[in-house]
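Colleague: Can you walk me through some helix packing and aromatic pairs in this one? I have the bench notes open and some time.
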Protein chains: 2
Amino acid sequence: MNYQPNPEDIRFLQQQVLQAGASLRALPAFAEVDDALQTQLLEETGRFVGEVIAPLNRSGDETGAHWDNGEVRMPPGFKEAYQAFVDAGWPALSASPEDGGQGLPAALDAVLYEWLSAANHGFTMAPGLLHGAYECIRHHGDEALRSRYLAPIASGQWLATMCLTESHAGSDLGLVRTRAVPQTDGSQRVSGEKIFISGGEHDLTENIVHLVLARQPDAPPGPKGLSLVLVPKWLPDGTRNAVRCERIEEKMGLHASPTCVMRFDEATGWLVGEAGRGLAAMFVMMNSARLHVALQGIGLLDAAWQKADAYARERRQMRAPVRPASRGEQDTADLIAEHPAVRRILDTQRAWVDGARLLAYRTAVQLDVARHATDARQREAAERWCSFVTPVLKAACTHQAFHGASECLQVFGGHGYVREWGIEQVLRDARVTMIYEGTNEIQAIDLLVRKVLPDAGAGFAACLLELRDELDASRENEADAQRRMAQLRYLGTSIALAAKSDPRLPYEVADDYLRVAMLTLMAWAWARIERAAPTESGRWAAPAAAFRRWLLPEFDMRLGLVKRACEGVSPAR
Amino acid sequence: MNYQPNPEDIRFLQQQVLQAGASLRALPAFAEVDDALQTQLLEETGRFVGEVIAPLNRSGDETGAHWDNGEVRMPPGFKEAYQAFVDAGWPALSASPEDGGQGLPAALDAVLYEWLSAANHGFTMAPGLLHGAYECIRHHGDEALRSRYLAPIASGQWLATMCLTESHAGSDLGLVRTRAVPQTDGSQRVSGEKIFISGGEHDLTENIVHLVLARQPDAPPGPKGLSLVLVPKWLPDGTRNAVRCERIEEKMGLHASPTCVMRFDEATGWLVGEAGRGLAAMFVMMNSARLHVALQGIGLLDAAWQKADAYARERRQMRAPVRPASRGEQDTADLIAEHPAVRRILDTQRAWVDGARLLAYRTAVQLDVARHATDARQREAAERWCSFVTPVLKAACTHQAFHGASECLQVFGGHGYVREWGIEQVLRDARVTMIYEGTNEIQAIDLLVRKVLPDAGAGFAACLLELRDELDASRENEADAQRRMAQLRYLGTSIALAAKSDPRLPYEVADDYLRVAMLTLMAWAWARIERAAPTESGRWAAPAAAFRRWLLPEFDMRLGLVKRACEGVSPAR
């Protein structure tokens, strides 16, 4: 079965629970974005994704992208689907009107990309990188680059890549060796080899714009010596630039997206931002790019859930311990959805999708606020939220995409391990999201070591305070979420103290800390959902119960584990 | 890199920690099996697996088994490797001398199959099923079947399959529809379609012996109506039987092992055991087959660990928070094995492999005791151990194979997601072990609902008592393991009580119960290893510490979760 977007779920979360409309309309840029427009956009997005993109998922995996002498042919139907995507204006949804964009909130773009990823992760990789390049050039490119590249990238006429990794430089970009030699005409000559370049070459668009991390000859070693250089496949004068796709990787999944080895051989490019400030230029888009990957995780998990749910409501095996009263004695087997172990898997994954969605949409709204609020304090608070919550969501949502898809695969038994039902593709595709855009280990260290510890937890505490104030302590689940927020704050303090004796400790427990943070955020999310949800319906009640019964216990385990690790430190270890 | 067996680790666990030799030599069948013979066999086994089988793993995955008009061609080199395997007598290692076997303990066979699976899971599937068929025919076949089939199966000259699953009958074999019609000459005519038949067709051996679960015309519906029928590919008179491989599945992994759809079209066969007692005939080999799958899990996890460990001791990225004193300031990047998050992954997976190995080897010894002890009480205790511990190991070891391999993949960053390093193959191959030979959900229900609850936990308590008596309460870690055994016993009682109000509850928490049981058994295993290990070496100290710091906390989480679920039951739910 193909993924089927469900606009009603999203509308409930964004409008009823989050009341995102009010937050967005308070921003002058989105004063006209009312709930009716949002609802209409959700319907249109869902239709397009379900009808045009989702049907290409299976064949994209089986045929894959194909390399031939430097050229890459995308799977059948991708070129046409991409053209339809561009023609309908989807790439420009959140781009600025002055660049030809529609100027709509990131909060709506978030849903588009979540659904695209759920429907066809491989396809989504192509337009997925366009936004980061757009933001980079918009904020750091000079007038000449902006006027030449912003509009065609915003519209999706040209696609873009981020060329960062080299074979010896992955998590540690400070080791990058690609060289950029300044020329007298102000351009750069770029030479080196980059690996893991998604969409480095393809036949979807005429031109491809590479943003390349490189080092000028006199630059110092390490991250401070890096510059960002824009290197187009086709130069403005119509000549082919000296950049070539050497090969594409054979991967575990994501076969529809070519992962390219790109060779730059004295290619012509231009600095984006100042020399030596390449990493800073890229960081402008880091939060939105990481949120984008978190949304991929949510989408993939929802896709896995849809498949497992449909299968469980159709497959019969054995009698359930408690049978529906209407079931006759002659029926020897019940639906596997009626078996408690399967029910638990389905409700638990539903709890992850729904809770994580609320958090991701809130973060998308905060991205909008950070960009568009007129009040500086409001922008600052929104940036703080994005800074702390984005790594949590990136790591937790992608972790769950893979592990939850594996649970959903288990619902199929042996049928899950064969291609036929498509669930094993979700698992293979999802695995990469735990790695790219900063591995999940790097996200955990980013959160704890780079963000929480340096100000002794004050910044994160401020984010949690905002959440706490939204809750009503007279309701049991909301008071419970508040208590967990307090425990999370103290945990940061304990780690900061213990780290003085053992500098390794925060790196060892960063992942546990991130999980405690995610479960705290999820407790807020489910408390909010439960308050808004109609009590008579099982749609939200079953995952809410699953969250408390089966997921929240991890909170205490991780909390205790970190506390014991803090108590156990000795400088001698 | 190819998998490299490490006989020294096994020797330490089997001889120093478990003192398996003494238990085995107490059995008349193995009076001559001394430590020197065991050590020599381990060396030979390791050499054969490392030199002949391991090098075919990658090409087996990439080329895969190939179906062509009913025939299946195995990947290049497999036929020759299998012949070498047969010529060296490996299939017959644990078969009875009267059938041409070497009559060696299952405890040694366990190591062979663990290493084979680690080195080449796809290859191992072929001989892996031979033992089950051998035991089935040996215990339930009549004289004619035994004399015709036992010797060629024991020697590996012919291979065998278990034909159980049908497209609508997976976990619920009671739904099987394949028919066996008795003939006047005492044979059966078998008709139907079986799916997921590993090694249903191949070019490794001339004949293939299928054991088929089928229903006679007058048999009742459900599991009690099933009979087991032996259907050879080639009949004794040299004619080709009416059994045909319709196609092979496209799977997530395990490409070297053909998973066949088998069509029986009035094929000739003979009953193995009595009509209607087919499931019982199969159950004779269930514990050894499930232990075999647990060993696959252990082997695959060790293979993943070896790859990640080697990579982490060669790849340099960023500075570690604490650097070796000898490292110069000019070195900008440290080994990733020196980074705490990577160290934690490696030590934790090592803790799983070592602890699970000890438990699996102990269980293999108990299989030997159950078969060969002269004292009936001893046999009974050994059977009890196998009955309770086997489902725990099957589920926990295969779960960890997949999830631990994913952790090991993460050590490689983006390099883990591409084929080159082979780690993604381990992940894909390992996934199926959570499904076949009874899904892990079925194992959990088998343990709790079918075995622990019916006698109010008395049988399992007897197993734990044996373990408890091996421990010395004056040592902290051993006393800790004893406390956990007591908690596990009480947990069974709590569930039994709560189940009276809510019959769904045991099915919902069976997986948590199984995890608590596994962590209790692991606590015993690590307490035993720590007592025997040389204190000056980090080889056993690092995983021992990782077990206590990072793995044991799950015990309390699961325990608490189940207890709360028990307290929360209400008949009205």
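Modeller: What follows covers helix contacts, ring pairs and two single residues.

This is a predicted model, in which local features need pLDDT of at least 70 and side-chain atom pairs count only at pLDDT 80 or more, while totals for chains, interfaces and linings use all residues. Residues are numbered from 1 along each chain as its sequence is written, chains are lettered from A and ligands numbered from 1 in the order written, and side-chain values use heavy atoms, without hydrogens and water.

Colleague: Start with α11(B) and α14(B). At what angle do they cross?

Modeller: At roughly 165 degrees, with the axes of α11 (residues 286-312) and α14 (residues 423-431) of chain B coming within 10 Å. Axes here are lines fitted to C-alpha atoms, for helices over the stretch in contact, and angles run from 0 to 180 degrees between N-to-C directions. Helices are DSSP runs (H or I, at least four residues), numbered from the N terminus.

Colleague: How are α11(B) and α14(B) oriented to each other, then?

Modeller: Roughly antiparallel, a label for angles over 145 degrees; under 35 is roughly parallel, 65 to 115 roughly perpendicular and the rest oblique.

Colleague: Which residues of α11(B) and α14(B) meet?

Modeller: Leu300(B), Ala304(B) and Lys307(B) on the α11(B) side meet Ile423(B), Val426(B) and Ala430(B) on the α14(B) side. Contact means heavy atoms within 4.5 Å. The residues of this contact divide into five nonpolar, no polar and one charged. For that split, Ala, Val, Leu, Ile, Met, Phe, Trp, Tyr, Cys and Pro are nonpolar, Asp, Glu, Lys and Arg charged, and the others, Gly among them, polar.

Colleague: And α15(B) with α18(B): what is the angle there?

Modeller: Roughly 100 degrees, with the axes of α15 (residues 440-452) and α18 (residues 505-532) of chain B coming within 8 Å. α15(B) and α18(B) are therefore roughly perpendicular to each other. Their contact residues divide into 13 nonpolar, one polar and one charged. Leu447(B) and Leu448(B) are among those on the α15(B) side, and Tyr513(B) and Leu514(B) among those on the α18(B) side.

Colleague: Changing topic. How many aromatic pairs are there over all chains?

Modeller: The count comes to 25. Rings of Phe, Tyr and Trp (its six-membered ring) pair if their centres lie within 6.5 Å; planes under 30 degrees apart are stacked, over 60 edge-to-face and the rest tilted. Tyr82(B) and Phe85(B) have ring centres 6.2 Å apart and planes at 35 degrees, so this pair is tilted.

Colleague: Where do Tyr82(B) and Phe85(B) lie?

Modeller: Both are in helix α5 (residues 78-87) of chain B, three residues apart, about one turn of the helix. Tyr82(B) is buried at 1% relative accessibility, and Phe85(B) is buried at 0%. Buried means under 20% relative accessible area, exposed over 50% and partly exposed in between (1.4 Å probe, protein chains only).

Colleague: What about Tyr311(B) and Trp421(B), how are their planes set?

Modeller: Their planes are at 80 degrees with the centres 4.9 Å apart, so the pair is edge-to-face. Tyr311(B) lies in α11 and Trp421(B) in the loop between α13 (376-411) and α14 of chain B, so the pair ties together parts 110 residues apart in sequence. Tyr311(B) is buried at 4%, whereas Trp421(B) is partly exposed at 29%.

Colleague: Last one. Is Arg362(B) buried or exposed?

Modeller: Buried, with a relative accessible area of 9%. Arg362(B) is in helix α12 (residues 340-372) of chain B. Not counting residues up to four places away in sequence, Arg362(B) touches residues including Glu466(B), Glu470(B) and Trp524(B).

Colleague: And which residues does Leu561(B) contact?

Modeller: Leaving aside neighbours within four places in sequence, Leu561(B) contacts Arg344(A), Arg549(A), Trp550(A), Pro553(A) and Asp512(B). Leu561(B) is buried at 4% relative accessibility.

Notes: Helices (H or I, at least four residues) and strands (E, at least two) are DSSP runs, numbered from the N terminus.
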